[in-house]
Amino acid sequence: MKRELGIARCGLACCLCSENAVCGGCNSGECPDNDRCENKKCSLEKGVAHCYECPEDCTKGLLGRIKAYAFSLFAKRYGEEQLLDCLERNEQRGVVYHREGINGDYDDFDDVEELIAFIQTGVR
């Protein structure tokens, strides 16, 4: 885990991304989607560093996907440090963020609250 990369604007875990060897995160300008990321554009317009800091409940861009939405909602409820702590603990226990391509253990969920519980416990 590269904790210093933290959480992306949309809530995804840059700190665990398999691309983090070549990407420095949302604000580095190195993200492959830098120029077309709807979440980055919106958060910059609203003057917030992350979508979870916005008072609106929206599903724009990557927030339309359950993983990013749940991670962002978790950070909104409990804070980014708590999210990072849970992700780090889960990684140490064998939970994998990217197992095949960009899909991993956090991707096989249909319910946001179930995914949030999994983030908290690392147990399905």
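In this predicted model, Q120 counts as partly exposed, at a relative accessibility of 34%. Q120 is placed in helix α4. Leaving aside neighbours within four places in sequence, Q120 is in contact with F74, Y78, C86 and R89. The C-alpha atoms of Q120 and D85 are separated by 9.3 Å, and these two residues lie 35 residues apart along the chain.

The chain holds 4 helices and 0 strands. From the N terminus on, the order of its elements is α-α-α-α. For 124 residues the globule rule gives 14 Å, and the radius of gyration of the chain is close to this at 13 Å, so the chain is as compact as a globular protein of that length. The C-alpha trace spans about 35 × 30 × 25 Å along its principal axes. Of the 124 residues, 43% are buried. Among contacts between residues at least 6 apart in sequence, those that join residues at least 24 apart make up 53%.

The largest nonpolar core comprises 24 residues, and those with the most contacts inside it are A13, F71, L83, L87, Y106, L115 and I119. At least two residues of this core come from each of α2, α3 (80-92) and α4 (112-121). Helix α2 gives the largest share of the core, namely 6 residues. With residues up to four places away in sequence not counted, F71 touches G11, A13, L83, L87, Y97, Y106 and I119. Another core lies apart from the largest one; it has 8 residues, including A8, C14, C26 and L63.

Three further positions were examined individually, beginning with C15. This residue lies in the segment before α1. The relative accessible area of C15 is 1%, under the 20% limit, and C15 is therefore buried. In sequence C15 and L5 are 10 residues apart, and in space they are 4.8 Å apart, C-alpha to C-alpha.

S43 is found within helix α1. S43 has a relative accessibility of 2% and so counts as buried. Residues up to four places away in sequence aside, S43 touches R9 and V48. Between S43 and E53, which are 10 residues apart along the chain, the C-alpha separation is 8.9 Å.

C54 belongs to the loop between α1 and α2. Its relative accessibility is 10%, so C54 counts as buried. Neighbours within four places in sequence aside, the contacts of C54 include K46 and K76. C54 and D111 are 57 residues apart in sequence, with 22 Å between their C-alpha atoms.

Empty space in the model was then considered. Rolling a probe the size of a water molecule over the atoms shows where empty space is left. The largest pocket contains about 730 Å³ of space. Its lining is made up of 34 residues, and those nearest the centre of the pocket are C10, L12, C17, D33 and L62. Helices α1 (38-46) and α2 (66-78) each supply at least two residues of the lining of this pocket. By residue class, the lining of the largest pocket consists of 17 nonpolar, 8 polar and 9 charged residues.

For enclosed space, the count is 1 cavity of 30 Å³ or more. The volume of the largest cavity is about 170 Å³. The largest cavity has 16 lining residues, of which C51, Y52, E56, C58 and L63 lie nearest its centre. Two or more residues of the lining of the largest cavity are given by each of α1 and α2. This lining divides into 9 nonpolar, 3 polar and 4 charged residues. L63 thus appears both among the residues nearest the centre of the largest cavity and among the members of the 8-residue core. Helix α2 likewise contributes to the largest nonpolar core, to the lining of the largest pocket and to the lining of the largest cavity.

Terms used. Residues are numbered from 1 along each chain as its sequence is written. This is a predicted model: local features need pLDDT of at least 70, side-chain atom pairs count only at pLDDT 80 or more; totals for chains, interfaces and linings use all residues. Side-chain values use heavy atoms; hydrogens and water are left out. On a 1 Å grid over the protein atoms alone, a cavity is a set of points where a 1.4 Å probe fits but cannot get out, and a pocket is an open set with protein on both sides within 12 Å along at least five of seven lines; lining residues have an atom within 4 Å of a point. Grid points are joined across faces, edges and corners, and a volume is the space filled by probe spheres set on the points. Ala, Val, Leu, Ile, Met, Phe, Trp, Tyr, Cys and Pro count as nonpolar, Asp, Glu, Lys and Arg as charged, and the others, Gly among them, as polar. A nonpolar core is a set of buried Ala, Val, Leu, Ile, Met, Phe, Trp, Tyr and Cys residues joined through side-chain atoms within 4.5 Å. Buried means under 20% relative accessible area, exposed over 50%, partly exposed in between (1.4 Å probe, protein chains only). Contact means heavy atoms within 4.5 Å. The radius of gyration is taken over C-alpha atoms; the globule rule is 2.2 Å times the number of residues to the power 0.38.
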